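Reader: Before I plan anything around this protein, I would like to go through its model with you, beginning with a sheet and then turning to the pockets.

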Amino acid sequence: MHQESIFAPDASQSSPLANRVRPRNIDEFVGQDHLLGKGKVLRDLIEHDQISSLILWGPPGVGKTSLAEIIAQHTKAHFVTFSAVTSSIKDIKKIMETAEQNRQYGEKTLCFIDEIHRFNKAQQDAFLPFVERGSITLIGATTENPSFEINAALLSRCKVFVMKSLTVKDLEKVLQRALHHPNGFPGLTVHCRPQSLQLIAQFANGDARIALNTLEMAVLNGQRHDHEVTITKDDLSQLINTKSLRYDQHGEEHYNLISALHKSMRNSDVDAAIYWCSRMLDGGEDPLYLARRLVRFASEDIGLADPNALLIATSTFQACQFLGMPECDVHLTECVIYLALAPKSNTVYVARQEAQRTIKKTGNLSVPLQIRNAPTKLMKNLHYGDHYQYAHDTKDKLTSMQTMPPELIGKHFYTPTDQGMETHFARRLAQIKEWHRQHPAK
């Protein structure tokens with residue numbers, strides 16, 4: 001017996017569910033109330049056909065393409081789309097020249113570029129003069145931070161609108177709308193409990209496309225009887241057992257997560273630090289990259305408050321080299337816990353920064369003659385090494401010899417805190433200063 005597909009054979013019904021139920025106007029659009037709610041700027045611009053060039057920036061599945069299509073339907077303009085994969089500079093210039101001709105006849109052209117961050121610099125530059133002249137209105141959609149991925153000149157001529165991940169409630173609305181949409185599952189009655197829709201919404205992690213794809217798979221694998229399908233919890237469990245993590249090792253999310261890890265450890269929030277470290281590992285981050293950042297943190301944020309922190313971090317780096325993932329995950333977690341709970345001091349980092357600023361201000365100050373080496377006769381004749389005092393020959397292992405350039409005598413870079421082991425360094429520094437007070441340079 002031949003079993004027909006639950007979808008009609010025409011193209012509109014054979015396309016993915018997300019395409020079949022795509023919103024056609026602002027009222028059908030779900031989410032982004034901060035941009036499209038009543039009285040919000042973007043909604044007013046769309047409704048009054050006053051759209052200028054803009055960038056829609058947000059994570060996958062929040063409606064960037066759908067919103068661009070809605071704008072195209074509202075605007076009185078010729079609508080053109082571009083692909084970073086198939087559009088050459090020659091193709092872009094050809095269409096732009098047509099748009100310039102249309103402008104002279106009073107017709108506007110709206111260009112939509114999905115994933116604009118995938119266009120290289122030359123491709124992006126090809127749009128610039130036409131955006132400047134007003135030949136086109138450009139709408140770019142991107143999942144990456146425009147500050148990093150879009151040419152500054154082009155970005156300065158576009159308004160950036162930030163789109164947010166959809167909430168669970170938003171996604172439940174999207175799913176309910178798909179179930180009742182005439183193009184959703186035509187000729188089929190789908191029975192799905194609200195709790196099941198909530199599970200799908202939670203699994204989708206803010207991405208409407210994932211939510212709709214999951215619903216479509218659930219319908220295909222549901223229990224069928226005539227023209228009815230029932231989705232059970234068991235059916236769903238096979239589809240939503242693991243959430244997909246959004247992570248790009250070279251994109252903004254990479255920098256957001258390493259920043260979160262660094263700042264959680266700095267704030268001694270051990271649980272948050274473990275979480276962000278795990279997020280990066282589970283997202284596929286290179287363990288050696290994480291280990292290198294922990295080595296840096298050990299000196300920048302702990303330093304002499306706990307000198308063992310650097311030893312732990314470098315040992316962790318070696319362990320990651322020996323084992324790799326997945327075995328080295330526990331070593332990284334152990335190191336993160338240690339660094340998060342260690343006493344904090346940034347005095348090493350501050351000392352380096354202050355010395356750097358001083359060097360930029362004072363330039364190449366001469367090394368005092370008394371601490372220069374004199375391996376040749378000429379150097380000795382020039383008094384290199386004269387009056388050098390060998391600290392080990394003294395009782396206190398200290399001398400009154402000046403080792404700082406004369407212009408910087410009295411300048412201090414390192415000021416210890418009262419955190420952890422640094423109290424010992426503070427006491428030692430105080431002893432040295434007191435000795436010099438009692439034994440001034442002659």
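Reader: In what order do the three strands of the open sheet stand?

Author: This is a predicted model, and in it the pairing of the three-stranded open sheet is mixed. Neighbouring strands of this sheet are turned by 20° against each other on average, direction ignored. Read across the sheet, the order is β6-β8-β7.

Reader: Why is one side of β6 and of β7 left without a neighbour in the sheet?

Author: Strands of a sheet pair through backbone hydrogen bonds, either parallel or antiparallel. Both β6 (189-192) and β7 (223-225) have a single partner strand, so one side of each is left without a neighbour, because each of them stands at an edge of the sheet.

Reader: Which residue of β8 is the bridge partner of R224?

Author: β7 pairs with β8, which covers residues 228-231, in the antiparallel sense over three bridges. Within β8, the bridge partner of R224 is V229.

Reader: What is the volume of the largest pocket?

Author: Its lining has 22 residues, with Q402, T403, H412, I432 and H436 lying nearest the centre of the largest pocket. By class, that lining divides into eleven nonpolar, eight polar and three charged residues. The volume of the largest pocket is about 670 Å³.

Reader: Which helices and strand each supply at least two residues of the lining of the second largest pocket?

Author: The second largest pocket, with a volume of about 470 Å³, is lined by 27 residues, of which R22, G61, G63, S66 and A208 lie nearest its centre. Its lining divides into 13 nonpolar, seven polar and seven charged residues. The elements that each supply at least two lining residues are α2, α5, β4, α10 and α12.

Note on methods
Residues numbered from 1 in each chain as written. Predicted model: local features only at pLDDT ≥ 70, side-chain atom pairs only at ≥ 80, totals over all residues. Heavy atoms only, no water. Pairing = 2+ DSSP bridges. Helix = DSSP H or I, 4+ residues; strand = E, 2+ residues; numbered from the N terminus. Axes fitted to C-alpha atoms, helices over the stretch in contact; angles between N-to-C directions. 1 Å grid on protein atoms, 1.4 Å probe; cavity = no way out; pocket = protein on both sides within 12 Å on 5 of 7 lines; lining within 4 Å. Points joined across faces, edges and corners; volume = space filled by probe spheres on them. Nonpolar A, V, L, I, M, F, W, Y, C, P; charged D, E, K, R; others polar.
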